[in-house]
Amino acid sequence: MSHVAGFLGAGQKPSRRLSDAQSYWSAEAAPGWTENSHWRSGLGETNWEDVGKEHLAMFEQFARALEVSTHPDVVIDWGCGGGANAVVFAPITKRKYIAADVSGESVMECVRQVRAVCDTPTGQSIIDIAEPGRTVEKLKTQCDLFLCTYVLELTADRDEALRILRLAERLLVSGGMAFIQVKYHTADWRTRGYKRNYRRNLSNMTTFGIEEFWIASAACGLMPKLITLVPRNSLDSRYAYYALVKP
Ligand SMILES: C[S@@+](CC[C@H](N)C(=O)[O-])C[C@H]1O[C@@H](n2cnc3c(N)ncnc32)[C@H](O)[C@@H]1O
């Protein structure tokens with residue numbers, strides 16, 4: 001019954017979902033937390049390594065096609081979790097790799113994992129989930145690559161997801177790329193974001209139509225250039241990856 005209510009749009013208020021998200025990600029002892037945060041210990045070695053390898057291969061394909069450097073100067077990993085992306089993206093980063101997450105524990109774990117594989121200087125940023133703009137102001141830096149995977153589906157709603165895109169636009173240099181993954185919905189209404197019971201449905205909270213996100217990105221000031229769909233992988237299903245470029 002609760003799922004049906006969620007599907008039909010009778011979800012909880014976005015403010016309630018946001019506060020549930022805040023309390024979930026800040027309590028490391030919560031059930032499934034290390035797995036949901038993509039820590040090496042929670043996801044398991046193979047899945048954890050595959051996340052980074054697959055994303056790096058996709059990024060390099062996008063970058064070559066768009067004639068953007070495959071060795072960015074500064075990277076921000078927004079929602080870095082346990083560093084599955086960081087261990088492959090930090091070694092190709094020339095100047096600085098910034099680990100940003102709503103969880104301070106994950107930021108520290110991400111940096112630990114980076115230090116185990118390379119000497120790329122790191123930055124650390126704890127995102128205020130309710131006021132992420134403040135985090136961006138404090139960063140006082142710009143990046144060539146804004147990396148955000150397995151995060152937008154966890155946001156409280158479409159507005160929160162798009163707010164992150166607008167922050168990406170602020171953080172990127174002109175010509176820089178946002179490499180963004182979203183969970184997409186199809187014509188089947190059951191694939192839409194659930195909008196309630198954050199803990200139970202966190203990875204299905206916010207979904208986009210494939211074209212909807214393309215158009216919304218442009219409205220946030222990022223030009224959508226390329227897309228790759230992954231209908232299913234070993235973790236979940238219905239993922240769309242976008243290469244968005246700041247004009
Ligand atoms: C599934 S993990 C993904 C980690 C990494 N990006 C990856 O692809 O392996 C989700 C991470 O997003 C963080 N997160 C959740 N909501 C967020 C938000 N609104 N903004 C930024 N990070 C968020 C969580 O703390 C968690 O570390």
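**Exercise 1. Which elements do the buried residues of α8 pack against?**

Before we dig in: this is a predicted model, where local features need pLDDT of at least 70, side-chain atom pairs count only at pLDDT 80 or more, and totals for chains, interfaces and linings use all residues. Residues are numbered from 1 along each chain as its sequence is written, and side-chain values use heavy atoms, with hydrogens and water left out.

*Solution.*

Step 1: Get the vocabulary straight. Buried means under 20% relative accessible area, exposed means over 50%, and partly exposed is in between, using a 1.4 Å probe and protein chains only. Helices (H or I, at least four residues) and strands (E, at least two) are DSSP runs, numbered from the N terminus.

Step 2: Pick out the buried residues of α8. They are Pro132, Gly133, Thr135, Val136 and Leu139. Around the axis they cover an arc of only 155°, so they sit on the same side of α8. (The arc is that of the directions from the helix axis to the C-beta atoms.)

Step 3: Look at what they pack against. That would be β1, β2, β3 (122-126) and α9, with contact meaning heavy atoms within 4.5 Å.

Step 4: Now flip to the face turned away from the buried side. Here α8 carries the exposed residues Glu137 and Lys138. Just after the helix, Lys140 takes a positive phi of about 50°.

**Exercise 2. Do the same for α11: which residues are buried, and which are exposed on the other side?**

*Solution.*

Step 1: The buried ones are Phe213, Ala216 and Ser217. Looking down the axis of α11, you'd find its buried residues within an arc of 105°, so they line one face of the helix.

Step 2: Glu211, Ile215 and Ala219 are exposed on the other side of α11.

Step 3: What does the buried face meet? The buried residues of α11 pack against α9, β5 and β7.

Step 4: Zoom in on Phe213. Not counting residues up to four places away in sequence, Phe213 touches Leu152, Leu162, Leu165, Ile180, Val182, Phe208, Tyr242 and Leu244.

Step 5: Check the end of the helix. Gly221, just after α11, has a positive phi of about 90°.

**Exercise 3. Describe the largest nonpolar core.**

*Solution.*

Step 1: Know what you're looking for. A nonpolar core is a set of buried Ala, Val, Leu, Ile, Met, Phe, Trp, Tyr and Cys residues joined through side-chain atoms within 4.5 Å. In soluble globular proteins, nonpolar side chains tend to be buried together.

Step 2: The largest one here has 33 residues, and Trp78, Phe146, Ile180 and Phe213 have the most contacts inside it.

Step 3: Find the contributors. Elements giving two or more residues to this core include β1 (74-78), α8 (132-139), α9 (158-171) and α11 (210-219). The largest share of the core, 7 residues, comes from α9.

Step 4: Don't miss the other core. Lying apart from the largest one, this other core has 32 residues, among them Val51, Ile92, Ala99 and Val114.

**Exercise 4. Which residues come nearest to the ligand?**

*Solution.*

Step 1: Around the ligand there are 21 residues, and Asn36, His38, Gly79, Asp101 and Thr149 come nearest. To be included, a residue needs a heavy atom within 4 Å of the ligand.

Step 2: Look for polar contacts, which are pairs of N or O atoms within 3.5 Å; within protein, one must be able to donate a hydrogen and the other to accept it, and residues adjacent in sequence count only if both atoms are side-chain atoms.
- His38: an N or O atom in its side chain is 2.8 Å from an oxygen atom of the ligand.
- Asp101: a polar side-chain atom lies 2.6 Å from an oxygen atom of the ligand.
- Glu160: an N or O atom in its side chain is 3.0 Å from a nitrogen atom of the ligand.

Step 3: See how covered the ligand is. On its own it has 600 Å² of accessible area, and the protein covers 98% of that. The areas come from the Shrake-Rupley method with a 1.4 Å probe; for residues, only the protein chains shown count as cover.

**Exercise 5. Is Glu67 buried or exposed?**

*Solution.*

Step 1: Place the residue. Glu67 is in the loop between α5 (45-66) and β1.

Step 2: Compare with the cut-off. Glu67 has 76% relative accessibility, so it counts as exposed.

Step 3: Check the backbone. Glu67 has a positive phi of about 55°, although it is not a glycine.
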